[in-house]
Amino acid sequence: MPVEPLPAKALRRECDPSLFDFEHTGQLPPTRELIGQQRAVEATEFGLAIQLDGYNIYMAGESGEGKTRYALECAQKQAKHMPVPDDWCYVYNFEDATRPRAINLPAGMGREFKKDMEEFVRIIEQEMDKAFNGDEYEAERTRIIKRFRERKDELVMKLSQEAQERGFRVKLANSGIYFMPLVDGEPISEDEFNQLDEDIKIELTKSSEALQAQTGEIIRKIRELETEAEEAIKKWEHQIALYAVGIHIDSLKEKYMAYPAVVGYLNEVRSDILDNVEALVGDDYGDDQQTMFLQMMARRGAEENPYDRYKVNLLVDNSHLKGAPVIVDYNPTYYNLMGRCEYENEFGTMTTDYTMIKPGLFHQANGGFLILQINDVLSNPQSFEAIKRTLKTRQIIIENIKEQMGLVAVSALKPEPIPVNVKIILVGSSEIYHLLYHFDRDFKKFFKIKAEFDDQMDWNQDNVNKIARFISAFCNKEGIPHFDRTGVAEVVNYCSWLVQDQTKLTTRFSEIVNILGEAGTWASIQNSDIVTGLHVKKAIREKMKRSNKYDEELLELVRDGTIMIDTDGWVVGQINGLSVIELGDYTFGKPARITAATYMGKAGIVDIEREVETGGYTHSKGVLILSGYIGRKYAQDIPLSLTASICFEQTYSGIDGDSASSTELYAILSSLADLPINQGIAVTGSVNQLGMIQPIGGASFKIQGFFNICKINGLTGRQGVIIPRQNIKNLVLNDEVVKALEEGMFHIYPVSTVDEGIEILTGVSAGEKLPDGTYPENTVHGRVYRKLRHYAETAAKYKE
């Protein structure tokens, strides 16, 4: 039976505004729920509920489907029922200043602990200054020094008496103790000593040696007295410091007695204060003690104010949370993820300390959820490795990235790692997911939940109603006029156009939002307080108009004859094929003339595009399939002696895809049968070796492209397009094409086989195979078979 052209009603599916039970979307309860993503919803809910290691989530899908927003909403919903995680602080490590200690406290107590320690430092600094500048301290210190000097004077006096008895006088100097010999009770000089008799000199020398031995013992006792005095002073200072510090430390210990880490730290603070009284009160000491203070501070690398090391660096403050934290970030650099130690430039030297440790995203999200874009992660060096390492070790380790890369380290700090419990949600494309899954062996261990988002959903009344409520929510949020029934209906139609399917609607709501905003703007420009279907249509037209420059230029080249496309008449071995050009935000159909030349030979089908390397793999595959079809159809009882040359005329860029394979086959059959093809009929569709027509993509764009050229050359009523029957559901054609079909000026023929297509193109019956393996004389296949048989017989004669 001849193939009947499609009726106009089959060219698209339209939403019926009368099905809505509202006048405008302002009457609807708004919603921002995820629409048409049941698979992704179930996967996400399970991924958020499971608490085992490695069950982090990867949300896969196309951009604009609302993945990030949904991830945030789901995580926030789950986080409300989770406990608020602990605060984390870094404090000074008195055993090793380069390794600050981490202390965790219940949410809110970290801020309180920091405030308490700041108040403690303020009070202790005042009380220490007050205590060590008081009369009691100075009186006791004077008493200790006086007692030391008295005992020292006693020893010196004893030494002086002993020297006197032995004929010497003691002389004290900064460099030591000297003995001057006496003659007749008076000290003599060195020259006078040299003039003495030898016997006297010998006697004095012996006495001096004996005196030196005794002096050594006295000096030792003096040094012991000095040490004893220092210890006594130190003990007194400790008592003063303990009195000043003890009551405040004990008060803090009592407050934080339920937290052993804090109690241990407070004990260390007390010990450090008592051990370093000189450093803390150093400015009021003498020169010798001040020198010791400076030397000690230099060795310790302490701050300008030694009390600063008792302060608390509150790294994570969760006092404001009502549940677990949910963090979304779009700049996950290594340091933003892991935290860092900042630096100060002091006299050309970079310095840092524990108070300059800053938190990262892992610290902020600890105990909750961290949502990241995979493109952002992969575009930052070391970030993905840091994420995997943190999930593997379950610790947040703050390190200098130069150490990670084997370069010279700047920071000497190595803060104590903080345990982490966080669920990561990565948002990205399916392509990146598959690449990571196959090429990163750790990825599948840590991201075991894949939430796959569909780019389309079923066209049913439930989803249509949800779109209407989504429009209501958008209008309320952005403050634009609400949509009436016709406006909503046209938005639904646009959703179908975006996916090029009469049974589906798009889930790429970013595309829908663009049209909603633009339609609302057009309504405002026209002083309308409601958005109608006309406004939506205008928004769509204007959006396309802004991007169709190259489509218009192509049509102009057709109009002036630069690109040769015939849309009327009959030509042997020539046919109009259809292709699609995608330019980012705009897609349009581009007809192309395809010609075929056939002659006797052994080369088979020669694809000129493949020969000059402008044809892609799938296009070359489609051409090779043609050889299989011709061989199966006509060369069962004769050898195939054929050379067929196929060319896309006036096409100079690459060609790919097999959607033109049926078109190329029709051109070859026309050339072999010597039957002209109607140039007003363009063709798209791939073919298999059995002659079955297979579906292709972009059917509506291709039809629209050829229709525009026919309109330029003049519609005759004999023009149209042949498409695969399976692509009927993909037709979402515009008003102009639909009207042309209704008026009989344009036609669309759905075919299932090559035979149906060739009959439409040539007006000649394809022909059924006869019992003897031949075909009826006046059919297309009969004429082709006769030509191929002639080639075979002639070739055989030449071979003889």
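A nonpolar core here is a set of buried Ala, Val, Leu, Ile, Met, Phe, Trp, Tyr and Cys residues joined through side-chain atoms within 4.5 Å. Keep that in mind for the opening views, and remember throughout that this is a predicted model.

**View 1. The largest nonpolar core and its best-connected residues.** This core runs to 46 residues, and those with the most contacts inside it are Ile630, Tyr634, Tyr666, Ile668 and Leu788. Helices H23 (617-634), H24 (661-673), H27 and H28 (780-799) are among the elements that each give it two or more residues, and so are strands S22 (587-599), S24 (643-648), S26 (681-683) and S30 (747-751). Helix H24 hands over the largest share, seven residues. Zoom in on Tyr634: leaving out residues up to four places away in sequence, its list of contacts reads Tyr629, Leu669, Tyr775, His781, Val784, Tyr785 and Leu788. Another core, of 36 residues, lies apart from this one, with Ala102, Leu105, Ile249 and Leu252 among its members.

**View 2. Helix H27, mostly under cover.** How many of the nine residues of helix H27 (residues 754-762) are buried? Seven are, so the helix counts as mostly covered, with burial meaning under 20% relative accessible area. The buried ones are Val754, Asp755, Gly757, Ile758, Ile760, Leu761 and Thr762. Just past the end of H27 sits Gly763, with a positive phi of about 75°.

**View 3. A three-stranded open sheet with a helix packed on it.** The strand order is S3-S2-S7, and the pairing is antiparallel. Strand S3 (101-105) and strand S7 (313-316) are the edges, each pairing on one side only. On average, neighbouring strands here are turned by 35° against each other, direction ignored. Helix H7 (residues 260-275) packs on the sheet, where it touches S2 and S3, and its direction makes about 135° with that of S3. For a look at the pairing itself, strand S2 (residues 87-91) and S7 share three bridges in the antiparallel sense. Trp88, for instance, has Val316 in S7 as its bridge partner.

**View 4. Lys537 and Asp735, a long-range salt bridge.** The N-to-O distance in this pair is 3.3 Å. Which helices does it link? Lys537 belongs to helix H20 (residues 533-545) and Asp735 to helix H26 (residues 735-742), so-called distant parts of the chain, 198 residues apart. Both ends are partly exposed: Lys537 has 27% relative accessibility, and Asp735 has a relative accessible area of 36%.

**View 5. Arg718 and Asp568, loop to loop.** These two side chains meet in a salt bridge at 3.2 Å, N to O. Arg718 comes from the loop between helix H25 (699-713) and strand S29 (720-724), while Asp568 comes from the loop between helix H21 (549-559) and strand S20 (570-572), 150 residues apart. Arg718 is partly exposed at 47% relative accessibility, and Asp568 is partly exposed too, at 41%. Elsewhere, salt bridges with shared partners tie Arg12, Glu14, Glu490, Lys537 and Asp735 into one network.

**View 6. Arg12, a member of that network.** Arg12 sits in the segment before helix H1 (38-49). Its side chain reaches the backbone oxygen of Leu733 at 3.3 Å. Setting aside neighbours within four places in sequence, Arg12 is in contact with Gln502, Leu731, Val732, Leu733, Asn734, Asp735 and Val738.

**View 7. Arg99 and Asp96, another salt bridge.** Here the closest N and O atoms are 3.8 Å apart. That pair makes the list because the cut-off is 4 Å. Arg99 is partly exposed at 43% relative accessibility, and Asp96 is partly exposed at 30%. Across the model, the count of salt bridges comes to 34.

**View 8. Positive phi at Gln382 and Arg394.** Where does Gln382 sit? Its place is the loop between helix H12 (374-378) and helix H13 (383-393). Although Gln382 is not a glycine, it has a positive phi of about 75°. Arg394 lies in the loop between H13 and strand S14 (395-396). Also not a glycine, Arg394 has a positive phi of about 60°. Gln382 is partly exposed at 27% relative accessibility, and Arg394 is partly exposed with a relative accessible area of 34%.

Terms used:
Residues numbered from 1 in each chain as written. Predicted model: local features only at pLDDT ≥ 70, side-chain atom pairs only at ≥ 80, totals over all residues. Heavy atoms only, no water. Buried < 20%, exposed > 50% of the residue type's maximum accessible area, 1.4 Å probe, protein only. Helix = DSSP H or I, 4+ residues; strand = E, 2+ residues; numbered from the N terminus. Pairing = 2+ DSSP bridges. Axes fitted to C-alpha atoms, helices over the stretch in contact; angles between N-to-C directions. Contact = heavy atoms within 4.5 Å. Polar contact = N/O pair within 3.5 Å; in protein donor to acceptor, adjacent residues only side chain to side chain.
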